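Please open the model in your viewer and keep the selection tool at hand. The tour below moves from one selection to the next and says what is found at each stop.

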Amino acid sequence: MPPRGAAGFGNQISDFTAAGYRVVAFDRRGWGRTVVDAAGQQTGTGADDLRGLLDHLGITRVHLVGTAAGAFVALDFALSFPERVRSLVIANTIGGVQDADFLELGRRLRPPQFDTLPPEFRELGPAYRAANAEGTRRWMDLEKISRPEGPRAPAQPMRNRLTFSLLESIRLPALVLTGGADLYAPPPVMKLFAARIVNSEFLVVPEAGHTTYWEQPEVFNRAVLNFIGKH
């Protein structure tokens, strides 16, 4: 589950398909091509939406990959329906965790002024922005179309109140991955997740920002394929 709609996962879809996997990338409610009524209540959860999609497609178990806000849903799904998950990959995410000390850490890392900065500054690493003007432009174009025009719809609720103690109940094989230059989820933050998910591996991609899958797709894809190939 990419954070800004399935269109941003093009490099992953092609490489994972070439490796022999069936790839399903979907737009969460309020993102990409999934249209919602911004004024209405968002019924259901992302985890329930994903379960419904898998049921509709006749898919019993999956290797589940979620990045950034998409990983909130991936964690919620893995906790709610572990029998449907073969392996779990969460990347570049704060995970939706609600522990008070973790929320305070987030406020120290991202003061109120942070949200006023351009999205490409917040999400793309400086090395990528400096070296790849065309890739930066394409990411900005996708970012602009990832949300429908008009007021934003409220976020969907979660099935679980996510806490680090709850994450300790995950027994699935997991890969926890982030970029060395991620302003949202720097390595020390993601290490907190790896420490609580018992059967996890941890990987840092140097110089990548909050969009490792976009900035360094070869490294991201190789790491994910190597991991899921073991499970």
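**Two helices in contact**

In this predicted model, begin by selecting Gly46, Ala47, Leu50, Arg51 and Leu54 in helix 2, which meet Val73, Asp76 and Phe77 in helix 3. Colour this selection by residue character, and the residues of the contact of helix 2 with helix 3 divide into 5 nonpolar, 1 polar and 2 charged. Next, widen the selection to the whole of helix 2 (residues 46-57) and helix 3 (residues 69-80), which pack at an angle of about 70° with their axes 8 Å apart. Because angles of 65 to 115 degrees count as roughly perpendicular, helix 2 is described as roughly perpendicular to helix 3.

**A covered strand and its neighbours**

Now select strand 3 (residues 174-179), which is mostly covered, with 6 of its 6 residues buried. Showing the side chains in two colours will help here, since Ala174, Val176 and Thr178 point one way from strand 3, while Leu175, Leu177 and Gly179 point the other way, and all are buried.

Keep strand 3 in view and add strand 2 (residues 85-91), which runs parallel to strand 3 and is joined to it by 4 bridges; within this pairing, leucine 175 in strand 3 is the bridge partner of valine 89. Then add strand 4 (residues 200-205), also parallel to strand 3 and joined to it by 6 bridges, where serine 200 in strand 4 is the bridge partner of alanine 174. Finally, trace the chain from strand 3 through helix 9 (residues 187-196) to strand 4, a β-α-β crossover that is right-handed.

Methods. Residues numbered from 1 in each chain as written. Predicted model: local features only at pLDDT ≥ 70, side-chain atom pairs only at ≥ 80, totals over all residues. Heavy atoms only, no water. Axes fitted to C-alpha atoms, helices over the stretch in contact; angles between N-to-C directions. Parallel < 35°, antiparallel > 145°, perpendicular 65-115°, else oblique. Contact = heavy atoms within 4.5 Å. Nonpolar A, V, L, I, M, F, W, Y, C, P; charged D, E, K, R; others polar. Buried < 20%, exposed > 50% of the residue type's maximum accessible area, 1.4 Å probe, protein only. Pairing = 2+ DSSP bridges. Right-handed = clockwise from strand over helix to strand, strands pointing away.
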